[in-house]
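Here are my notes on the model you sent. They are numbered so that you can reply point by point.

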Amino acid sequence: MFRLAKKLKKLGLSESGAATVEFVIVFPFFVGIFLSSFEVAMMNMRAVMMERAMDLTVREIRLSSGAELNYDEILEDVCDRASIIPDCLNVVRMELQAVDKDNFAGIQDNPDCVKRDQDVLPLVRFRNGVENELMLIRVCAVIDPFFPNLGVGRSMPVDSTGGYQVIASSAFVNEPK
């Protein structure tokens, strides 16, 4: 019994393995922070690229001087410029509507994003305006988080399919022909 007590005392005073215990406690925390930082960086990069693509496309629309707008062509332009959005043509929806200058209400609060759990997509609000009319355009993409059950990915507002929304909007005036 005396030998067992002596060995247990020696084991209790030993400091070999102390760093391992600290590592096991702290490492998951740092990995969580790193993965959350990556998730936030990718989310922000996608949002910035979507805004940039939207701005460049709207600039091109303004310079086209009254050309008829086509939903598919504009969507393709946005997707070509927002190359960081995965499967862009299938996860992005656009809305275009004229602004009533007398009763400005803006664009609706809830963006018309892709509903990935529906087989048939509802009709998109996309209406060309007339000359000198102020137009609001909004693009919405639904994107899956990289780490949905970890850190920031767990607290992101997601839809029923587990994707979060990236939204970009802009305004322009239809130029006279």
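1. I start with Leu134, which is in strand β2. The model is a predicted one, and the remarks below should be read with that in mind. Leu134 has a relative accessible area of 27%, so it counts as partly exposed; the buried class ends at 20%. Ala98 is 36 residues away from Leu134 in sequence, yet their C-alpha atoms are 5.9 Å apart. Beyond four places in sequence, Leu134 touches Gln97, Ala98, Val99 and Lys101, and also Ala171, Phe172 and Val173.

2. The overall make-up is as follows. The protein chain has 5 helices and 3 strands, and from the N terminus the order of elements is α-α-α-α-β-β-α-β. Of its 177 residues, 32% count as buried. The accessible surface of the chain is about 11700 Å², and carbon and sulfur atoms hold 58% of that. Among contacts with a separation of 6 or more, 75% are between residues 24 or more positions apart.

3. Next, the sheet. In what order do its strands lie? The order is β1-β2-β3, in an open sheet of 3 strands with antiparallel pairing. β1 and β3 are the edge strands, each of them paired on one side only. From one strand to the next the twist averages 15°. Strands of a sheet pair through backbone hydrogen bonds, in either a parallel or an antiparallel sense.

4. The two pairings can be checked separately. β1 and β2 are joined by 7 bridges, and in this pair Arg93 stands opposite Cys140 of β2. β2 and β3 pair over 10 bridges, also in the antiparallel sense. Here Ile143 is opposite Tyr164 of β3. As for helix packing, α3 lies across β1 and β2 and runs at about 125° to β1.

5. The two faces of β3 should be kept apart in any figure. The covered face carries Tyr164, Val166, Ala168, Ser170 and Phe172. The uncovered face carries Gln165, Ile167, Ser169, Ala171 and Val173.

6. Ser170 is one residue of that covered face, and its strand, β3, spans residues 164-173. Is Ser170 buried or exposed? Its relative accessibility is 17%, so it counts as buried, given that the class covers values under 20%. Leaving aside neighbours within four places in sequence, Ser170 is in contact with Met54, Asp55 and Val58, and with Met135, Leu136 and Ile137.

7. The largest nonpolar core has 29 residues. Which of them touch the most other members? They are Met50, Ile85, Val92, Ile137 and Phe172. The elements that each supply at least two residues of this core are α2 (18-63), α3 (71-81), α4 (88-91), β1 (92-98), β2 (134-143) and β3.

8. Ile137 deserves its own point. Not counting residues up to four places away in sequence, Ile137 touches Met54, Val58, Ile74, Met94, Glu95 and Leu96, as well as Ala168, Ser169, Ser170 and Phe172. The contact with Ser170 also appears in the list for that serine.

9. The chain has 1 disulfide by the distance rule. Cys79 and Cys88 form it, with their sulfur atoms 2.1 Å apart. The link is left-handed, at -75° about the S-S bond. Both Cys79 and Cys88 are buried.

10. One backbone angle should be looked at. Asp87 has a positive phi of about 50°, although it is not a glycine. Most residues other than glycine have a negative phi. Asp87 is placed in the loop between α3 and α4.

11. The last point concerns the loop between α5 (152-155) and β3, where Val158 lies. Val158 has a relative accessible area of 42% and is therefore partly exposed; a residue counts as exposed over 50%. Outside four places in sequence, Val158 is in contact with Gly163 and Tyr164. The C-alpha atoms of Val158 and Ile143 are separated by 9.2 Å, with their positions 15 residues apart along the chain.

How values were computed
Residues numbered from 1 in each chain as written. Predicted model: local features only at pLDDT ≥ 70, side-chain atom pairs only at ≥ 80, totals over all residues. Heavy atoms only, no water. Helix = DSSP H or I, 4+ residues; strand = E, 2+ residues; numbered from the N terminus. Buried < 20%, exposed > 50% of the residue type's maximum accessible area, 1.4 Å probe, protein only. Contact = heavy atoms within 4.5 Å. Core = buried A, V, L, I, M, F, W, Y, C linked by side-chain atoms within 4.5 Å. Pairing = 2+ DSSP bridges. Axes fitted to C-alpha atoms, helices over the stretch in contact; angles between N-to-C directions. Areas by Shrake-Rupley, 256 points an atom, 1.4 Å probe, with all protein chains shown as cover. Disulfide = S-S within 2.5 Å.
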